[in-house]
Amino acid sequence: MNTPQQLSMEEWKAIMQIPAIREAWGIEEGETPEQFADMVYGVKFSFSPTLMPGYIGDLYLLQGDALGEPMTVIRKNGELALLD
């Protein structure tokens, strides 16, 4: 399904542990997933290419309130990581 999905609090919690995400949003110790979700636009897609082989899995797009390129997060070796 290619419709955007809402992130769960567990997903927000996992995403906010990524060092580059922590740095980009200035996440400090003690900040909750609920606080992070309130300041970031985030959606998840269950990504599965139809025409060519490639990445299959959850694809997260995150955007702050400033215009710029969104951050893309995928699962690499079982862990969430920024897409290079």
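Two strands count as paired when DSSP finds at least two bridges between them. That rule sets up the first close-up, and one thing to know before looking is that this is a predicted model.

**View 1. The sheet, strand by strand.**
Here's an open sheet made of four strands, lined up in the order β1-β2-β3-β4 with antiparallel pairing. At the edges sit β1 (41-47) and β4 (79-82), each of which pairs on one side only. From one strand to the next, the twist averages 25 degrees. As a bit of background, strands of a sheet pair through backbone hydrogen bonds, either parallel or antiparallel.

**View 2. Where β1 meets β2.**
Zoom in on β1 and strand β2 (residues 57-63), and you'll find them paired in the antiparallel sense over seven bridges. Which residue of β2 is the bridge partner of G42? That would be L62. Further along, K44 stands opposite Y60 in β2.

**View 3. Where β2 meets β3.**
On to the pairing of β2 with strand β3 (residues 71-76), again an antiparallel one, this time with three bridges. L62 has its bridge partner in β3 too, namely M71. L62 is worth remembering, since it comes back in the view of the nonpolar core.

**View 4. K44 and its surroundings.**
K44 lies in strand β1. Is K44 buried or exposed? With a relative accessible area of 12%, K44 is under the 20% cut-off, so K44 counts as buried. Leaving out residues up to four places away in sequence, K44 touches T3, P4, Q5, L7, E11, D58, L59 and Y60. Of these, Y60 is also the residue that stands opposite K44 in β2. The side chains of K44 and E11 are joined by a polar contact of 2.8 Å.

**View 5. A salt bridge between E11 and K44.**
Side chains of opposite charge can pair when their charged atoms come close. In this view, E11 and K44 do just that, meeting in a salt bridge at 2.8 Å, N to O. The pair links distant parts of the chain, with E11 in helix α1 and K44 in strand β1, 33 residues apart. E11 is buried, its relative accessible area being 14%, and K44 is buried as well, at 12%.

**View 6. A salt bridge between R22 and E29.**
How many salt bridges does the model have? The count comes to two, and here's the one between R22 and E29, with the closest N and O atoms 3.5 Å apart. The two residues sit on opposite sides of the accessibility cut-offs. R22 has a relative accessible area of 18%, so it counts as buried, whereas E29 reaches 75% and counts as exposed.

**View 7. Q6, across from K44.**
Back to K44, but from the other end of a long stretch of sequence. Q6 lies in the segment before α1. Q6 and K44 are 38 residues apart in sequence, yet their C-alpha atoms are 6.3 Å apart in space. Unlike buried K44, Q6 is exposed, with 73% relative accessibility.

**View 8. The largest nonpolar core.**
This core holds 15 residues. Which of them touch the most other members? They are W12, I15, I21, W25, F36, L62 and V73. Two or more residues come from each of α1 (9-15), α2 (19-25), α3 (33-39) and β2. Take W25 as an example: apart from its neighbours within four places in sequence, W25 is in contact with F36, M39, V40, L62, Q63, G64 and M71. That list includes both L62 and M71, the bridge partners that join β2 to β3.

**View 9. M9, at the start of a helix.**
Look for M9 in helix α1. M9 has a relative accessible area of 35%, so it counts as partly exposed. Beyond its neighbours within four places in sequence, M9 is in contact with P33, E34 and A37. M9 and T32 are 23 residues apart along the chain, and their C-alpha atoms are separated by 9.4 Å.

**View 10. N77, in a loop.**
To finish, find N77 in the loop between β3 and β4. N77 isn't a glycine, but it has a positive phi of about 50 degrees. Is N77 buried or exposed? At 83% relative accessibility, N77 is over the 50% cut-off, so N77 counts as exposed.

Note on methods. Residues numbered from 1 in each chain as written. Predicted model: local features only at pLDDT ≥ 70, side-chain atom pairs only at ≥ 80, totals over all residues. Heavy atoms only, no water. Axes fitted to C-alpha atoms, helices over the stretch in contact; angles between N-to-C directions. Buried < 20%, exposed > 50% of the residue type's maximum accessible area, 1.4 Å probe, protein only. Polar contact = N/O pair within 3.5 Å; in protein donor to acceptor, adjacent residues only side chain to side chain. Contact = heavy atoms within 4.5 Å. Core = buried A, V, L, I, M, F, W, Y, C linked by side-chain atoms within 4.5 Å. Salt bridge = Lys/Arg side-chain N within 4 Å of Asp/Glu carboxyl O.
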